[in-house]
Amino acid sequence: MTTPRPAAVVVLAAGEGTRMRSTTPKVLHELAGRSMLGHAITAARSLDPQRVVVVVRHERDRVAAHAVEVDPQVLVADQDEVPGTGRAVQCGLSVLDATAHADLVRDGVPETHSDSVAVEGPLVVLAGDIPLLDGQVLARLLETHVADGNAVTVLTTQVADATGYGRVLRDEDGAVLGVVEHKDADAEQLAITEINSSVYVFDAAVLRRALGRLGQDNAQGEVYLTDVLAIARGDGGSVRALQVDDPMLVEGVNDRSQLAVLRAELNRRLLEEWMLSGVTVVDPATTWVDVDVELEPDVTLLPGTQLHGRTRVASGAVVGPDTTLTDVVVGAHAQVVRSHATGSVVGPGAVVGPFSYLRPGTTLGADGKIGAFVETKNAEIGAHSKVPHLSYVGDATIGEHTNIGAATIFVNYDGVTKHRSTIGSHVRIGSDNALVAPVTIGDGAYTGAGSVIRRDVGAGALGINTAPQRTIDRWVLRRRPGSPSAEAAAAALGIDGDDTDDLSPQARAEIARHQAGSAADHDSSSTTEGH
Ligand code: UD1
Ligand code: CA
């Protein structure tokens, strides 16, 4: 059967969530890369309702801004100082009614005729703290509600430990009488293991009438939404429950311990789906993937891999071990080993790691390499080009088939402005170069090891600017007499370490001072050169 379209979904997100003990409102805590509120709005939206309204109060601006960021189409309703889920729904419903009214006025219906406009038909209500609730369960609930012609349909489940939940009260025939909150329940009711999930479909008119009659005469002094069930039944409406077998789907989060349990469970389920679709997950217990990650068949995830955001990994690629990728695109048959990357693209067949750090704006071409202890940022590295060891590549464009020698630094910052460097194709940058941006190295150019390249090097040229080397013979013998180095040098030269005949009078005097046991003058012995 096709799922009926609900008039609206009301998402409850006004509560403080004190048991989280957090400055972040409960519904903004995340699992699998999405806030609990984000999960709720996603599930709500999957029903294709005419409206989704999010009820806010605690940290109102933060929660409202987040809701609109997740889904720009949501309506926001403010709950007033009256506490409780019943009041929250009432506030949501008045925004829905006001919006329906405003729509009619906008469509040209005269004010007088639109006075009594109100949302009609099935209205879904769900708490914002049930992160594993999915669209399929909601659809089943809605189908049941409409097929049975119910006034209220509540989603329930059996749990081993019902502490804190509202218990579902039924008569001998199994008909639903109502819900009693944990704090209001007597011993007999506390023994009930069927719990209210805080997910419902109401007939809008029934709900509106019942909400107006709710009191606050209960253990928590709140307006309980759960009281609507008994009222609707008392009015002769049919109140039924849809019980799901899988309690995890409807489990609420009240503290961080429950959040961790559901986070692990959601992750387990996501990995299960990926494995069934052809992804190898070597160690599901240490592998974490966000909901928006996409993996092709024959991807391999090694232990300790975390894939966040909109990361996409193509077929044949191997990621891990111990790798964290956020918003990274990994091409087919690429390898990313023991690395950390954000906002980057790794081309097909390319190799990254171990111990690489790719910051936003890194693009590595096909069959390229970013090797050990290399950091990159805003760097376009062409196909077949390599940055194999110990380098920083920031704000650079590198052509194809180019090699960047070990320990090369792209000097992109002059203390005021960041500058960009452009390196051509088939370039050989020597080891330990400093490429001072802005600088351009032409195609096929070379640079010498240890160069500081401050000026452009044309195509095919050699850029080199190291100072000529000075070698001072027997410096160690003269300036470090008696040291293991001097002894090794003397042995290599086949001379007696004490044979100072060919030394200058100055050096001989120095040696004499040492041999007399006088303390070496550290300042003078630490200068760089003798002569
Ligand atoms: C609620 C139900 C309980 C059910 C349980 C399932 C009521 C009275 N109780 O209890 O039967 O078993 O959920 O998890 O409904 N909220 C508001 N405004 C408020 C209070 C809460 O918007 O004034 C929102 C919260 O932000 C939260 C949701 O409603 O998203 C549930 O609130 P919470 O305080 O967690 O209710 P429970 O005590 O768990
Ligand atoms: Ca709760």
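Strands here are DSSP runs of E, at least two residues long, numbered from the N terminus. With that settled, a reminder: this is a predicted model.

Let me start with one residue. Thr324 sits in strand S19, residues 323–326. Is Thr324 buried or exposed? Its relative accessible area is 16%, and buried means under 20%, so Thr324 is buried. What does Thr324 touch, leaving aside neighbours within four places in sequence? The contacts are Gln306, His308, Ser339, His340 and Ala341.

Stay by S19 for a moment. The loop between strand S18, 318–319, and S19 holds Pro321. The peptide bond leading into Pro321 from Gly320 is cis, with omega near 0 degrees. There is another Gly-Pro case. From Gly353 to Pro354 the bond is cis, and omega is near -5 degrees. Pro354 also has a loop address, between strand S24, 351–352, and strand S25, 356–358. For context, most peptide bonds are trans, and most residues other than glycine have a negative phi.

That brings me to phi. Asp298 is not a glycine, yet its phi is positive, near 65 degrees. Look for Asp298 in the loop between strand S14, 294–295, and strand S15, 300–301. Its relative accessibility is 53%, so Asp298 counts as exposed. Now Phe373. Again we have a positive phi outside glycine, about 55 degrees. Phe373 lies in the loop between strand S27, 369–372, and strand S28, 374–381. Phe373 is exposed too, with a relative accessible area of 51%.

Now the helices. Two packed helices are described by the angle between their axes and the distance between the axes.

Take H1, residues 36–45, and H2, residues 60–70. Their axes are 10 Å apart and the packing angle is about 45 degrees. That angle makes H1 oblique to H2. The crossing is right-handed. Which residues meet? From H1, Leu37, Gly38 and Ile41. From H2, Val63, His66, Ala67 and Val70. By class, that contact has five nonpolar residues, two polar and no charged.

Next, H7, residues 204–211, and H8, residues 227–234. These axes come within 9 Å and cross at roughly 110 degrees. So H7 is roughly perpendicular to H8. H7 brings Val206, Leu207, Ala210 and Leu211 to the contact. H8 brings Val228, Ile231 and Ala232. How many nonpolar, polar and charged residues does the contact of H7 with H8 have? Seven nonpolar, no polar, no charged.

That's my tour. Over to you.

Key
Residues are numbered from 1 along each chain as its sequence is written. Chains are lettered from A and ligands numbered from 1 in the order in which they are written. This is a predicted model: local features need pLDDT of at least 70, side-chain atom pairs count only at pLDDT 80 or more; totals for chains, interfaces and linings use all residues. Side-chain values use heavy atoms; hydrogens and water are left out. Axes are lines fitted to C-alpha atoms, for helices over the stretch in contact, and angles run from 0 to 180 degrees between N-to-C directions. Helices (H or I, at least four residues) and strands (E, at least two) are DSSP runs, numbered from the N terminus. Angles under 35 degrees count as roughly parallel, over 145 as roughly antiparallel, 65 to 115 as roughly perpendicular and the rest as oblique. Contact means heavy atoms within 4.5 Å. Ala, Val, Leu, Ile, Met, Phe, Trp, Tyr, Cys and Pro count as nonpolar, Asp, Glu, Lys and Arg as charged, and the others, Gly among them, as polar. Buried means under 20% relative accessible area, exposed over 50%, partly exposed in between (1.4 Å probe, protein chains only). A crossing is left-handed if the near helix is turned anticlockwise from the far one by less than a right angle, and right-handed if clockwise.
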